[in-house]
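User: Please take a close look at the charged side-chain pairs in this model. I would like to know where the partners sit, how accessible they are, and what surrounds them in the rest of the fold.

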Amino acid sequence: MDDDVHQDLLALERRGWEALCDGTAAAFYGEVMTDDGVMVLADGAVMDRDAVVVALQASPPWHHFDLADVRVVPASDDAAALVYTGRAWRDEDGEPFTGAMSSLYVRDGIRWRLALYTQTPVS
């Protein structure tokens, strides 16, 4: 995978986090996730795209986020995982949620789509 793929996937991941902060996450993930996409969350929940959209419609926004130690793990010419440590704050002065996160993206011929997202809490 070339540097363009790394930059494209990182930009897409950042747009997702920005949507989680500005209240547009339900629409964003409803569009970006594949039809059979799944999120595996830190609490053990496994959610398909429809469940993710419903949950995000009812979720309070995050205040801000930080992504560190980002790397791309190629899976094929049209699939790659973005792996990183993410930190997100619900409010400005609160403790962050910190997790080891991965997003598996697949290219559908036109654009990158999110097929699988996982998060594992890091203390």
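Analyst:
**Salt bridges and their setting**

R111 and D108 form a salt bridge through their side chains, with an N to O distance of 3.9 Å. The cut-off for such a pair is 4 Å, so this one qualifies. R111 is partly exposed, at a relative accessible area of 30%, and D108 is also classed as partly exposed, at 39%. This pair belongs to a network in which salt bridges with shared partners join E31, D108, R111 and R113. The model is a predicted one, and every value here is computed from it.

How many salt bridges does the whole structure contain? The search finds 6. One of them joins the side chains of D66 and R87, at 3.6 Å from N to O. D66 belongs to strand 3 (residues 64–76) and R87 to strand 4 (residues 79–89), so this salt bridge ties together parts that are 21 residues apart in sequence. D66 has a relative accessible area of 30% and is therefore partly exposed; R87, at 33%, is partly exposed as well.

Another salt bridge brings the side chains of R107 and D78 together at 3.1 Å, again N to O. Here the link is between distant parts of the chain: R107 is in strand 5 (residues 97–107), while D78 is in the loop between strand 3 and strand 4, 29 residues away. R107 is partly exposed at 30% relative accessible area, and D78 is partly exposed at 40%. In general, side chains of opposite charge can pair when their charged atoms come close.

Strand 6 (residues 112–121) offers a polar residue in another setting, Q119. Is Q119 buried or exposed? Its relative accessible area is 17%, and the limit for burial is 20%, so Q119 is buried. The Q119 side chain has polar partners: it reaches the backbone nitrogen of A42 at 3.1 Å, and it makes a polar contact of 2.9 Å with the side chain of Y117. Leaving aside residues up to four places away in sequence, Q119 touches V40, L41, A42, F97, A100 and M101.

Next comes the nonpolar interior. The largest nonpolar core holds 31 residues, and W17, Y29 and L114 have the most contacts inside it. At least two core residues come from each of helix 1 (3–22), helix 2 (25–32), strand 1 (33–40), helix 3 (49–58), strand 3, strand 4, strand 5 and strand 6. Helix 1 supplies the largest share, 8 residues. With residues up to four places away in sequence left out, W17 touches Y29, F65, L67, Y84, A88, M101 and Y117. M101 is thus a contact of W17 and also of Q119. Y117, a contact of W17, is the residue whose side chain makes the 2.9 Å polar contact with Q119. In soluble globular proteins, nonpolar side chains tend to be buried together.

Helix 2 and helix 3, which both supply core residues, also pack against each other. Their axes come within 8 Å and cross at roughly 170 degrees. Angles over 145 degrees count as roughly antiparallel, so these helices are described that way. From helix 2, A25, A26, Y29 and G30 meet R49, V52, V53, L56 and Q57 of helix 3. Y29 therefore appears both in this helix contact and among the core residues with the most contacts.

Technical notes:
Residues are numbered from 1 along each chain as its sequence is written. This is a predicted model: local features need pLDDT of at least 70, side-chain atom pairs count only at pLDDT 80 or more; totals for chains, interfaces and linings use all residues. Side-chain values use heavy atoms; hydrogens and water are left out. Helices (H or I, at least four residues) and strands (E, at least two) are DSSP runs, numbered from the N terminus. Buried means under 20% relative accessible area, exposed over 50%, partly exposed in between (1.4 Å probe, protein chains only). A polar contact is a pair of N or O atoms within 3.5 Å; within protein, one must be able to donate a hydrogen and the other to accept it, and residues adjacent in sequence count only if both atoms are side-chain atoms. Contact means heavy atoms within 4.5 Å. A nonpolar core is a set of buried Ala, Val, Leu, Ile, Met, Phe, Trp, Tyr and Cys residues joined through side-chain atoms within 4.5 Å. Axes are lines fitted to C-alpha atoms, for helices over the stretch in contact, and angles run from 0 to 180 degrees between N-to-C directions. Angles under 35 degrees count as roughly parallel, over 145 as roughly antiparallel, 65 to 115 as roughly perpendicular and the rest as oblique.
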